Amino acid sequence: MNDNQKYAISEYPDVEDVYRRLNALISQPMHKITPESMQANLAYFDQKCSRSKALTDEAKRYIPGGVQHNLAFNYPFPIAIEKAEGAYLWDVDGNRYIDFLQAGGPTMLGSNYAPLREKIFELLSSCGPVTGLFHEYELKLAKLIAGYMPSVEMFRMLGSGTESVMAAVRAARTFTRKKFVIKVGGAYHGWSDSMVYALHVPGTRRLESKGIPRGATASTQEFFPNSLADLRRHLIFNRLRGGTAAVILEPLGPESGTRPVPFDFNRQVRQLCDEFGALLIFDEVVTGFRVGMGGAQGYFGIKPDLTVFGKCVTGGYPMAGGVGGRADVISTFAAGLGGTGERAYIGGTLSANPLSCAAGYYALQEMERTNAPIIAGRAGDKLTKGLQTIIEKHALPYVVFNQGSIVHLETSGVMLLDLHNPLRLLKELKPRKHMMEEMGAAYMAHGLITLAGSRMYTSMADSDAIIDDALESFEAVLSSTARVI
Ligand SMILES: Cc1ncc(COP(=O)(O)O)c(C=O)c1O
């Protein structure tokens with residue numbers, strides 16, 4: 001087995017070519033679903049989703065926006081799911097969908113995976129979900145992860161990716177005694193006060209920070225995606241103003257690799273961090289175990305100082321989060337308890353409960369045993385190749401690429417707008433965003449659930465036959481589009 005076969009990415013995307021195609025996509029008028037086809041798509045929701053509509057209409061009275069999860073705000077209205085199994089979801093009206101949302105990424109084994117569910121039942125009947133005291137599964141999970149990722153000398157389990165990013169940043173500042181944290185413009189690292197900065201669109205700094213005091217983001221900085229020169233500029237500047245505690249990034253690029261990084265990028269960032277005495281934090285909330293049991297760090301062969309986990313770390317069970325890394329840094333979480341050193345305070349009533357630790361322990365073992373990252377990655381490859389064929393057959397301007405089981409299908413290009421071209425951003429953000437919503441609705445009307453109409457996560461449950469079915473539906477949608485004149 002060559003080394004790459006341990007990882008889901010069979011071939012790293014040609015990043016220059018991806019950006020060339022993406023730039024061509026956003027430099028031309030939108031190519032969207034024709035009004036007649038869109039009418040037919042909306043009729044699906046009217047005719048086939050009446051219970052979903054009734055439930056979510058009523059929910060609007062009690063739940064802000066009518067749904068509890070941001071990814072469920074679907075156009076024209078959210079659908080209510082009542083059954084999940086393998087590659088499929090069923091809504092309350094009995095409609096079946098191929099699930100490429102994967103709950104936002106964690107269910108790489110497939111939804112509601114029976115062998116994992118059984119282990120959870122066993123745990124629940126013996127101990128229940130939570131005691132507030134130590135459980136052996138905490139040790140088992142930490143040891144297992146340390147075995148997969150050499151950078152993880154110690155592991156602290158937490159309740160979500162957001163919390164874990166907060167904890168990693170706090171540990172970095174405590175350990176280095178430095179001030180600034182630098183992130184990539186446009187990247188999402190959870191919704192903590194200091195990280196809701198330059199969200200989604202590079203260069204936008206505090207644009208989304210309603211309810212966040214200036215001080216909370218005063219020590220957060222962004223650099224332009226893939227610009228090592230911009231990162232270096234910040235590192236130099238910070239030297240005189242309190243120093244850089246950490247650089248945090250998703251190793252495939254922001255938004256799960258929507259803006260992919262050149263293959264050598266992480267190695268160069270590692271070098272810059274070493275040169276300036278900053279810690280390197282990999283946010284592997286998405287890539288952790290999806291890219292392979294060694295994570296994206298194993299794939300790229302880079303050792304971060306800290307790694308943030310979420311999603312797959314509990315195989316889809318609540319609560320999913322954790323920070324792993326250098327013992328000397330991670331030990332700041334416990335320093336006060338041991339009576340020495342400064343303590344970076346973190347915690348949580350339900351964090352690292354027996355249920356989430358057992359779920360993580362068995363889920364990761366199942367992923368390794370079944371080769372789930374590679375199988376899901378092959379499904380991602382097949383989906384991507386099939387979509388590329390459809391794009392070429394119908395001469396569409398769309399861009400598809402994948403990093404294993406993470407598939408990006410850019411039809412509106414909205415994710416690529418940025419402040420380098422503010423006029424275009426102002427003019428095009430809204431219509432292109434709406435186009436993406438329409439694409440999401442059209443996919444759904446054809447039995448496909450995607451992440452926000454532009455990203456698909458594949459799972460171990462996605463057999464060749466399921467991908468073939470999905471491609472037929474994608475073709476029906478993509479061939480019903482036309483250039484807007
Ligand atoms: C890269 C990344 N970091 C952090 C988070 C936040 O994780 P959570 O939703 O568990 O708080 C997410 C969530 O989507 C993410 O994609």
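In the predicted model, about 2700 Å² of area is buried between domain 1 and domain 2. Carbon and sulfur atoms give 61% of this buried area. On the side of domain 1, Tyr7, Tyr12 and Pro106 supply 23% of the area buried against domain 2, more than any other three residues. The size of an interface is often given as the accessible area lost when the parts come together.

The two parts that form this interface are defined by the domain assignment of the protein chain, in which domain 1 comprises 3-112 + 371-483 and domain 2 comprises 132-352. The centres of the two domains, taken over C-alpha atoms, are separated by 27 Å. Contact between them involves 32 residues of domain 1 and 31 residues of domain 2.

Polar interactions were also examined across the interface. Between domain 1 and domain 2, 18 residue pairs are found in polar contact, with both residues at pLDDT 80 or more. The side of domain 1 that touches domain 2 receives two or more residues from each of helix 1 (15-26), strand 12 (399-403), strand 13 (406-410) and strand 15 (455-457). By class, this side of domain 1 consists of 18 nonpolar, 10 polar and 4 charged residues.

The count of salt bridges between the two domains is 1. A salt bridge is formed by Glu255 and Arg455, whose closest N and O atoms lie 2.9 Å apart. Glu255 falls within the bounds of domain 2 (132-352), whereas Arg455 belongs to the 371-483 segment of domain 1.

Methods: Residues are numbered from 1 along each chain as its sequence is written. This is a predicted model: local features need pLDDT of at least 70, side-chain atom pairs count only at pLDDT 80 or more; totals for chains, interfaces and linings use all residues. Side-chain values use heavy atoms; hydrogens and water are left out. Domain bounds come from an automatic or database domain assignment. Contact means heavy atoms within 4.5 Å. Buried area is the accessible area (1.4 Å probe) that two parts lose on being put together, summed over both. A salt bridge is a side-chain nitrogen of Lys or Arg within 4 Å of a carboxyl oxygen of Asp or Glu. A polar contact is a pair of N or O atoms within 3.5 Å; within protein, one must be able to donate a hydrogen and the other to accept it, and residues adjacent in sequence count only if both atoms are side-chain atoms. Helices (H or I, at least four residues) and strands (E, at least two) are DSSP runs, numbered from the N terminus. Ala, Val, Leu, Ile, Met, Phe, Trp, Tyr, Cys and Pro count as nonpolar, Asp, Glu, Lys and Arg as charged, and the others, Gly among them, as polar.
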